[in-house]
Amino acid sequence: MENTVIKFENVTKKFSLQSQKTFKEFIPALLRGEETTKGFTALDNLSFEIHKGEVVGIIGPNGSGKSTILKLIAGVMSPSIGKVSVHGQVSPLIELGAGMHPELTGRENIYLNGAILGLKRKEIEKNLQNIIDFSEISEFIDQPVKHYSSGMYMRLAFSIAIHVHPEILLVDEILAVGDTNFQAKCFKKMNEYKKDNNITIIFVSHNLKQVATFCERVIYLNHHQIFADEIPKKSILLYTIDEKQTNKT
Amino acid sequence: MLPLIKEIKDVIKWRELLWQMVGREVKARYKQSILGYFWVILNPLAQMLVMSFAFSIILRIPTNAASNIPYSIFLFVALLPWNLFATSLSSAASSLVNSSSLITKVYFPRTILVLSTIIAKIIDFLFASTILIVYMFAYHIPISLNILWIFPIFFIQQIFTLGLSLFFAAANLIYRDIQYLLNMIILLWLYASPVFYPVDLVPEKFKIIYQLNPMAVIINAYRQTILGSGAPNYTSLAIALVLSLVVLLLGLSYFKSREKIFADNI
């Protein structure tokens with residue numbers, strides 16, 4: 001297929017974590033000849049391609065590198081070795097509400113978060129009413145978000161992110177947001193996006209049932225490498241077998 | 001020069017975010033306290049009163065020899081831009097650390113975080129400057145056309161501030177105690193710049209140090225042009241401009257070299 005939107009070529013991501021968080025600790029460590037950085041490999045020589053319109057799930061145990069893949073796609077991290085190419089506007093739905101300011105009202109936060117996600121003012125204005133309606137908090141939209149309940153907070157954040165009209169949507173464990181009604185609404189919106197062949201979705205979750213029903217293809221990560229890249233059934237089966245084995249030992 | 005032009009283009013592309021971030025800072029300050037912008041004015045005013053008492057009444061530091069300008073105005077003309085410099089630098093240094101949750105999640109030019117902090121401080125500065133204007137009218141301080149020099153001087157100051165801010169913001173993300181080091185540097189720097197004393201009092205053999213300190217040149221130039229003792233010293237100003245540009249280019253290239261691993265280090 002020629003419509004490759006995301007391409008990982010022999011990507012390795014190593015973190016060289018600074019062992020000393022402060023300058024005060026760093027200087028003595030340097031003088032004593034101690035190691036100043038700790039190496040840690042999060043992804044080991046990964047190659048894969050994702051095409052336009054695909055819905056790809058990523059599963060794997062904690063610490064297997066799922067979030068690192070999303071961060072590489074989002075462009076907030078760069079690979080240590082290899083190449084990541086991304087074509088299209090990426091909208092991260094990872095841990096919502098990062099850009100919210102508690103002192104600002106809901107409405108002001110819509111503008112702020114829209115801008116963080118790369119929207120022009122006009123685009124935000126066009127979608128303002130949809131975002132407010134979707135979040136179901138129109139009564140409180142002119143209140144500072146510090147007075148919101150955590151549920152309201154997340155609903156607003158989700159509504160903003162989902163109205164960005166992304167080309168590549170990154171979803172990380174966020175559909176545990178709000179009550180069941182709101183979750184159902186989110187999935188409905190996600191299903192609309194799924195049908196749109198111009199939107200590519202990368203879906204990271206521990207909920208294998210959700211992954212199985214929602215995704216068309218699943219990448220199973222373990223020990224920082226790809227163990228399987230198959231149709232959902234196969235990848236999930238492999239994952240559950242491995243999990244059972246590790247639980248036994 | 002090339003990375004600077006590229007960065008400017010990037011920021012222009014993301015200008016909507018820049019204004020939203022500036023708005024966030026300004027609105028949040030305004031909402032947090034009932035008195036809002038009153039604090040921005042009260043703080044330098046209180047500083048001026050206490051410093052005037054200490055340096056003028058107790059230590060009897062003279063103002064410029066030829067003029068009969070009250071010490072408080074002499075001080076205030078220098079204190080306002082100095083405060084802008086000091087607060088910009090220390091808030092910009094923590095701007096990346098404070099937005100760490102954004103840095104690990106969304107891509108946008110990171111320079112915006114530093115820039116928006118500085119612009120918000122400039123807005124505070126403009127508010128605080130209103131008292132200086134009132135004060136100058138009250139004391140009938142004569143103003144000449146030389147006052148127009150404040151625009152290029154201000155520009156040089158901002159280039160210098162931005163360069164240092166970029167450096168400290170990136171460094172502070174890697175070692176969190178850079179912030180404390182910076183606070184110490186700012187305090188010492190205040191004494192090494194002619195803020196509460198006239199530059200005429202500096203012995204001849206130390207003058208060269210003052211010429212190489214852009215803040216000293218800038219502060220002195222403000223005072224000369226606003227309080228009407230003539231045009232600024234062109235040579236000193238040119239040196240300050242060149243030094244500021246060098247600092248900006250170095251600061252930016254350090255920032256860009258570290259930018260790739262910002263998210264790894266949080």
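What percentage of the 249 residues of chain A count as buried? The figure is 50%. The model is predicted, and this briefing covers the make-up of chain A, its surface and charges, and the largest pocket, whose lining draws on elements of chain A and chain B.

**Chain A: fold and extent**
- Chain A contains 8 helices and 9 strands.
- A box of roughly 60 × 50 × 40 Å, taken along the principal axes, holds the C-alpha atoms of chain A.
- Among contacts in chain A with a separation of 6 or more, 70% join residues that are 24 or more positions apart.

**Chain A: surface and charge**
- The exposed area of chain A is about 12200 Å², and 50% of it comes from carbon and sulfur atoms.
- The side chains of chain A include 29 positive and 28 negative ones.
- The centres of these two sets of charges lie 1 Å apart.

**The largest pocket**
- The space in the largest pocket comes to about 750 Å³.
- Its lining is made up of 30 residues, and those closest to the centre are A:Ala74, A:Gly75, B:Trp14, B:Tyr107 and B:Phe108.
- On the chain A side, the elements that give two or more residues to the lining are α2 (66-74), β5 (90-94) and α3 (106-116).
- On the chain B side, the elements that do so are α1 (2-13), α2 (15-32) and α11 (234-259).
- The element that gives the most to this lining is α1(B), with 3 residues.

Conventions. Residues are numbered from 1 along each chain as its sequence is written. Chains are lettered from A and ligands numbered from 1 in the order in which they are written. This is a predicted model: local features need pLDDT of at least 70, side-chain atom pairs count only at pLDDT 80 or more; totals for chains, interfaces and linings use all residues. Side-chain values use heavy atoms; hydrogens and water are left out. Helices (H or I, at least four residues) and strands (E, at least two) are DSSP runs, numbered from the N terminus. Buried means under 20% relative accessible area, exposed over 50%, partly exposed in between (1.4 Å probe, protein chains only). Contact means heavy atoms within 4.5 Å. Accessible areas come from the Shrake-Rupley method with a 1.4 Å probe; for residues, only the protein chains shown count as cover. Lys and Arg count as positive and Asp and Glu as negative; His and the chain ends are not counted. The place of a charge is taken as NZ of Lys, CZ of Arg, CG of Asp or CD of Glu. On a 1 Å grid over the protein atoms alone, a cavity is a set of points where a 1.4 Å probe fits but cannot get out, and a pocket is an open set with protein on both sides within 12 Å along at least five of seven lines; lining residues have an atom within 4 Å of a point. Grid points are joined across faces, edges and corners, and a volume is the space filled by probe spheres set on the points.
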